[in-house]
Amino acid sequence: MNPEQVKPESIAAQALGWIDDKTRAITPPIHVSTTYLRDTDNQYRSGRVYARADNPAFDQAEAVIARLEHGAQAALFASGMAAATAVFQSLAPGDHVLAPKVMYWSLRNWLMNFATAWGLNVELIDMTDPLAVQAAIRPGKTRLVWVETPANPLWSITDIAATAAICRGAGARVAVDSTVATPVLTQPLLLGADIVMHAATKYLNGHSDLIAGVLVTRADDESWRRIKTIRAQLGATLGSFEAWLLLRGMRTLFLRVRAASSSAQRVADHFARHALVREVLYPGLAQAQGHAIAARQMHGGFGGMLSVCVRGGEAAAIATAANVALWKRATSLGGTESLLEHRASVEGAGTPAAPDLLRLSLGIEDCDDLIADLDQALHQALR
Ligand SMILES: *Cc1c(COP(=O)(O)O)cnc(C)c1O
């Protein structure tokens, strides 16, 4: 079989089918050395010097992710935040960047505080509206446009292909935080993006037991080399054991993401017509913002994340969260266990999350159990 034709499901399941040369092991060994032997003639022919810059423990996981995203190369980072901030730090003070008003909260905070103080000219816009992108982009001045789709915590959809076309015309690069879509559902590089970022903490690993991030580049270019240098110099390096765990987690990526997506669709359909629910935010609902774009851009599901706005306001939402038994009240997403949280409490002032909004991350439990549990929690809360 031509290895180029192997389907992504097979690539993930076998972690690219690599076999350890020395032992014939099917799962890779864990390399923990921080340093590498120099040759007698004072060279480093192995290409490895010191593990802050590079680590053989990364090779297989990076190769798998690069293949799944159709990129030239991938680079693991110590967290999703470390990966995302490396992209911005590869720019120069004074550069203009566009980012969405609705996006992952910690990154938005970092952009508004650290990145701005460091000299980046960060402008937040409605990234879901191509006309707003067209109006805000400054040809020759805007270096980077950051997209997140579906975007936390409203799951709004940005048309990657349309945005990338506008950016290409203006000489700006496009980076996509595709954490929620995962390479199972969306391939941003095929739609014209230059960089894809994942909080591998979430679906890629999928078991709520490690913090990791990854970037994938369309081209091994000057900008990518700057990003790799930042990883090595700032030391935002993943540990060897975490890289190994991530590779293990990714073997079940397709099964987990498809199960979570199909459950999210069922939960969204059920609670969208529920008497105790004001609104459900999920791109898989026909009435959702961006549904038609999502149907084109996402393949095989709309993702495992949705938000439910509870009738009765903030107190009712918090009381609903207090009354769940199977769902876990916790932040984060993309694990095997379903999580829910009152998002406005996490994000504080300036959040786009309504006070009655509960953010739901679907796991892989029995979906009827999840629906029944949330149903009884709503009834308890609003009794
Ligand atoms: C969690 C998350 C991040 C940050 O990842 P960490 O691994 O927690 O640093 C970035 N973007 C999105 C969409 C996330 O969900």
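The following dialogue between a student and a tutor examines a predicted model, its two sheets and its ligand site.

Student: What makes β1 and β3 the edge strands of the sheet of 7 strands?

Tutor: The order of that open sheet is β1-β7-β6-β5-β4-β2-β3, with mixed pairing. Strands β1 (73–77) and β3 (121–125) each pair on one side only, and are therefore called edge strands, pairing being counted from at least two bridges between two strands. On average, neighbouring strands here are turned by 20° against each other, direction ignored.

Student: How do you know that β2 and β3 pair?

Tutor: Two strands pair if at least two bridges are found between them. Strand β2 (residues 96–100) and β3 share 5 bridges in the parallel sense, so the criterion is met. Valine 97 stands opposite valine 122 of β3.

Student: What makes helix α3 a helix that packs on this sheet, and which strands does α3 touch?

Tutor: Contact means heavy atoms within 4.5 Å. Helix α3 (residues 80–89) touches β1, β2, β4 (142–148), β5 (173–177), β6 (195–199) and β7 (213–217). The direction of α3 makes about 155° with that of β6. Helix α4 (residues 105–117) also packs on the sheet, touching β2, β3 and β4, and its direction makes about 150° with that of β3.

Student: Why is the approach of aspartate 177 to the ligand called a polar contact?

Tutor: A polar contact is a pair of N or O atoms within 3.5 Å. An N or O atom in the side chain of aspartate 177 is 2.7 Å from a nitrogen atom of the ligand, so the pair qualifies. The side chain of threonine 201 places an N or O atom 2.6 Å from an oxygen atom of the ligand. For lysine 202, a polar side-chain atom lies 2.7 Å from a ligand oxygen atom.

Student: How do you know whether the ligand is buried or exposed?

Tutor: Taken alone, the ligand exposes 380 Å², and the protein buries 93% of that. Elements α3 and β6 each give two or more residues to the shell around the ligand. There are 15 residues around the ligand, of which Gly80, Met81, Asp177, Thr201 and Lys202 come nearest.

Student: How many residues of each class does the shell hold?

Tutor: The shell has 7 nonpolar, 5 polar and 3 charged residues. Glycine counts as polar in this scheme, so Gly80 belongs to the polar class.

Student: Which peptide bonds leading to proline 150 and proline 153 are cis?

Tutor: The bond from threonine 149 to proline 150 is cis, with omega near -10°. The bond from asparagine 152 to proline 153 is cis as well, with omega near -15°. Proline 150 lies in the loop between β4 and α6 (160–170), and proline 153 is placed in the loop between β4 and α6.

Student: What is noted about the phi of alanine 15?

Tutor: Alanine 15 is not a glycine, yet its phi is positive, at about 45°. Alanine 15 is found in the loop between α1 (8–13) and α2 (56–68).

Student: Why are β8 and β10 said to stand at the edges of their sheet?

Tutor: This open sheet has 5 strands in the order β8-β9-β12-β11-β10, with mixed pairing. Strands β8 (277–281) and β10 (328–329) each have a single partner strand, so one side of each is left without a neighbour in the sheet.

Student: How do you know that β8 and β9 pair?

Tutor: Strand β9 (residues 305–310) and β8 have 4 antiparallel bridges, and at least two are required, so the strands pair. Valine 310 in β9 is the bridge partner of valine 277. Helix α10 (residues 253–272) lies across β8, β9 and β12 (357–361), running at about 150° to β8.

How values were computed
Residues numbered from 1 in each chain as written. Predicted model: local features only at pLDDT ≥ 70, side-chain atom pairs only at ≥ 80, totals over all residues. Heavy atoms only, no water. Axes fitted to C-alpha atoms, helices over the stretch in contact; angles between N-to-C directions. Near = heavy atom within 4 Å. Polar contact = N/O pair within 3.5 Å; in protein donor to acceptor, adjacent residues only side chain to side chain. Areas by Shrake-Rupley, 256 points an atom, 1.4 Å probe, with all protein chains shown as cover.
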